[in-house]
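Me: I would like to take a close look at a single part of this model. Please take the explanation step by step, as I am in my first year.

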Amino acid sequence: MTTMEAEGANGASAKKPRAYGDPIAILADHIEEIGLEPVGVSQEYRYASLPLCVIDAVFSIGVKYTSTQATVARFCDKTGWPRFATLREDRGAGTRSLSDLLALYDGLTSEAAAQVLFGNRQRTSTTSGILKAEAVKLFADALLRCDIDTFTDITPDRLELAEAIILGLPGQGSGIAFDYFRMLAGDDDLIKPDRMIQRFVACALGTEKEPEPRQAAVLVRLAARELTRRGYRWTPLSLDHAIWQYQRALRASVGTA
């Protein structure tokens, strides 16, 4: 049986809780112990335009990421927009703006936009959520109100104002989508605390209960800082991606991917 199989589908091992240790040091030790290494980042981190970052960030919450990848690809096929830039660092303003995205909504209801633009009728919540197609529009409009239309318009002050507005939008209260948008748009210092990350942290700390998303994000970000202090070349973003890939492989090894 492999180490991955022994840990089980959710990444939980037989370790006892390490209740009184420094959680940052414990998490960093675990990352060293399993031999995790930077693996680069996925192609989504070089989206060709800011609107694609918004679409991915909104549609990726609460679903399998393959569904989101298909949604973004479908949108690009329908609109003829380029999907990826050659290099993340050389995107400039991007090939399209948020104004271009909002123009596509002209004359469309939210229901029509979900079908015509995205071919996806997912909602921000299964109970009382709005269509994610509508959430994309609200998210983009909020950014534009803060004078963010393309990659080159992003500044810390504008992002801070946008965050204050977007956190008040339907389905955006957790801030996870906003942080992930920032990561896709070029910020290497954030974590997207999805279930993969939460499970990994719980395994590393030997706890049965998974940490809350925000707590998991902080722990992984600080672990990246600690590993950097130890001489490794991690950023929060690269560590986030490496953990996600590790957890995906772990789940696949026991047939639960």
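Does F118 count as buried or exposed, and at what relative accessibility?

Reply: F118 counts as buried, because its relative accessibility is 0%. Buried here means under 20% relative accessible area, exposed means over 50%, and partly exposed lies in between, with a 1.4 Å probe and protein chains only. Before going further, please note that this is a predicted model, in which local features need pLDDT of at least 70, side-chain atom pairs count only at pLDDT 80 or more, and totals for chains, interfaces and linings use all residues. Residues are numbered from 1 along each chain as its sequence is written, and side-chain values use heavy atoms, with hydrogens and water left out.

We may begin with the helix that holds F118. F118 is one of the residues through which helix 6 meets helix 4. Helices are DSSP runs of H or I with at least four residues, strands are runs of E with at least two, and both are numbered from the N terminus. Helix 4 covers residues 65–79 and helix 6 covers residues 110–118; the two pack at an angle of about 80°, with their axes 8 Å apart. An axis is a line fitted to C-alpha atoms, for helices over the stretch in contact, and angles run from 0 to 180 degrees between N-to-C directions. Helix 4 and helix 6 are therefore roughly perpendicular to each other. That term covers 65 to 115 degrees, whereas angles under 35 count as roughly parallel, those over 145 as roughly antiparallel, and the rest as oblique.

Helix 4 brings T71, R74, F75 and K78 to this contact, and helix 6 brings Q115, V116, L117 and F118. Contact means heavy atoms within 4.5 Å. By type, the residues of the contact divide into 4 nonpolar, 2 polar and 2 charged. Nonpolar takes in Ala, Val, Leu, Ile, Met, Phe, Trp, Tyr, Cys and Pro; charged takes in Asp, Glu, Lys and Arg; the others, Gly among them, are polar.

Next come the rings. The structure holds 11 aromatic pairs. The ring centres of F75 and F118 are 5.4 Å apart and their planes stand at 20°, so this pair is stacked. Rings of Phe, Tyr and Trp (its six-membered ring) pair if their centres lie within 6.5 Å; planes under 30 degrees apart count as stacked, over 60 as edge-to-face, and the rest as tilted. The stacked pair joins distant parts of the chain, with F75 in helix 4 and F118 in helix 6, 43 residues apart. Both F75 and F118 are buried.

F118 also forms an aromatic pair with Y105, and this one is tilted, at 6.5 Å centre to centre and 50° between the planes. Y105 sits in the loop between helix 5 (98–104) and helix 6, 13 residues from F118. Y105 counts as buried because its relative accessibility is 4%. Ring pairs link F118 and Y105 with F59, F75 and W81 into a cluster.

Several other residues touch members of this cluster. V136, found in helix 7, is buried, with a relative accessible area of 0%. Leaving aside neighbours within four places in sequence, V136 is in contact with V54, I55, V58, F59, L101, Y105 and F118. Thus F59, Y105 and F118 of the cluster are among the contacts of V136.

F59 leads in turn to T68, which lies in helix 4 and is buried, at a relative accessible area of 1%. A polar atom of the T68 side chain lies 3.2 Å from the backbone oxygen of F59. For a polar contact, a pair of N or O atoms must be within 3.5 Å; within protein, one must be able to donate a hydrogen and the other to accept it, and residues adjacent in sequence count only if both atoms are side-chain atoms. Neighbours within four places aside, T68 is in contact with D56, F59, S60 and V63.

W81, another member of the cluster, is touched by S49. S49 lies in the loop between helix 2 (23–33) and helix 3 (50–59), and S49 is buried, with a relative accessible area of 0%. Besides W81, S49 touches G94, T95, R96 and F151, not counting residues up to four places away in sequence.

In summary, F118 is a buried residue that takes part in the contact of helix 6 with helix 4 and pairs its ring with those of F75 and Y105.
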